[in-house]
Amino acid sequence: MRVTGGSPNIYLEDAEISVSSGPAINIEGGNPTIHVRGEGNTVASTDNTGIAVSGGATLTIEGRSTADMLTATAGNGGAGIGSPLGGTVGGNITIGNVAIHATGGSGNSAFGGAGIGSSGSGTCGDVTITDAVIMANGGDYSSGIGMGYGNTSQPSIGKITITNSDVTAKAGRYASAIYADGYE
C-alpha cells in the first residue's frame, strides 16, 4: 500500500499485510490516518520498514480503544513503524488510543531499526504517543522507541512525547530502551 499525498483514511480490520520487498505500508507524503479495528492486524516487511513514513508526511495511527491492536514488524534494519531504509528523511508519527506492538529489524554488520522511530539508514521526525499501550522492540543496537543504528549512516529522530500511555520498550544490544535528542 502506498500513499503519496492528501489526507486519506485507511481502515485496518483484521488485516494481514506482508511483503518481501519494500515497506508493507509506504507513506511517501500527505497526512493519512490509519484507523485500527480489532486485534488481528499485522503489517510486516522482511527487508524494510513495516509502516514507512517519509519526510513531509505525518502519519496518525488510532483506534477506538486500546482493545484495537496493530502489530508492525520490520526486517533487514527497518523500523517497525518509522523511516524507510535508504537514507530517506522520515516524517512525523502520532499514535493514540490504540495498542501497538512494533519490532525493528536487524541487519548485517551491526545494523538495526527501532521498533518505533528511525530505521538503520534513515531519519525520523517527531513521535507523539497518547492514551496508548505500546510494546516496542528495537533491532540490533537500536532503541525500542527512538533511533535505529547504522554502521555507515547517521540515523536520527526528532522529539518523542509520551502522554498517559502504558509503554514497554526493549532495546537491542548496547542501546537505550527510549532514545532521542528531545524527550517528554
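Two strands count as paired if DSSP finds at least two bridges between them. With that criterion in hand, the exercises below work through a predicted model.

**Exercise 1. Establish how strand E17 is paired with strands E11 and E21, and name a pair of facing residues for each pairing.**

Step 1. Strand E11, residues 92-96, is joined to E17 by four bridges, which satisfies the requirement of at least two, and the two strands run parallel. Within this pairing, Thr128 of E17 has Thr94 opposite.

Step 2. Strand E21, residues 159-163, also pairs with E17 in the parallel sense, again over four bridges. Here the facing residues are Val127 and, in E21, Ile160.

Step 3. The side chains along E17, residues 127-130, can now be sorted by face. In a regular strand the side chains alternate between the two faces of the sheet. In E17, Val127 and Ile129 point to one face and are buried, whereas Thr128 and Thr130 point to the other face and are not buried.

**Exercise 2. Follow the pairing from strand E5 through E8 to E11.**

Step 1. Begin with E5 and strand E8, residues 58-63, which pair in the parallel sense over four bridges; Val36 stands opposite Gly63 of E8.

Step 2. Continue from E8 to E11, where five bridges join the two strands and the direction is parallel. Ile61 and, in E11, Ile95 stand opposite one another in this pairing.

**Exercise 3. Give the strand order of the seven-stranded open sheet, and explain why one side of E1 and of E23 lacks a neighbour.**

Step 1. The seven strands follow the order E1-E4-E7-E10-E15-E19-E23, with parallel pairing, and the sheet they form is open.

Step 2. Strand E1 (2-3) and strand E23 (178-179) stand at the edges and have a single partner strand each, so one side of each is left without a neighbour in the sheet.

Step 3. As an example from within this order, take strand E7, residues 51-53, and strand E10, residues 81-82, which are joined by two bridges and run parallel. The bridge partner of Ile51 is Ile81 in E10.

**Exercise 4. Locate the two salt bridges found in the whole structure, and classify the accessibility of the residues that form them.**

Step 1. Side chains of opposite charge can pair when their charged atoms come close. One such salt bridge joins the side chains of Glu28 and Arg2, with an N to O distance of 3.0 Å. This pair links distant parts of the chain, since Glu28 lies in the loop between strand E4 (25-27) and E5 while Arg2 lies in strand E1, 26 residues apart.

Step 2. Glu28 has a relative accessible area of 31% and is therefore partly exposed, whereas Arg2, at 58%, counts as exposed.

Step 3. The other salt bridge is formed by Asp68 and Arg64, whose closest N and O atoms are 3.1 Å apart. Asp68 counts as buried because its relative accessibility is 4%, which falls under the 20% cut-off; Arg64, by contrast, is exposed at 53%.

**Exercise 5. Identify the residues that gather in a patch of negative charge on the surface, and place Glu39 within the chain.**

Step 1. The residues of the patch are Glu13, Asp14, Glu16 and Glu39.

Step 2. Glu39 is found in the loop between strand E5 (33-37) and strand E6 (41-45). Glu39 counts as exposed because its relative accessibility is 61%, a value over the 50% cut-off.

Definitions and conventions. Residues numbered from 1 in each chain as written. Predicted model: local features only at pLDDT ≥ 70, side-chain atom pairs only at ≥ 80, totals over all residues. Heavy atoms only, no water. Patch = residues over 30% accessible without salt bridge, like charges linked within 9 Å, V, L, I, M, F, W, Y side chains within 5 Å. Areas by Shrake-Rupley, 256 points an atom, 1.4 Å probe, with all protein chains shown as cover. Salt bridge = Lys/Arg side-chain N within 4 Å of Asp/Glu carboxyl O. Lys, Arg positive; Asp, Glu negative; His and termini not counted. Charge placed at Lys NZ, Arg CZ, Asp CG, Glu CD. Buried < 20%, exposed > 50% of the residue type's maximum accessible area, 1.4 Å probe, protein only.
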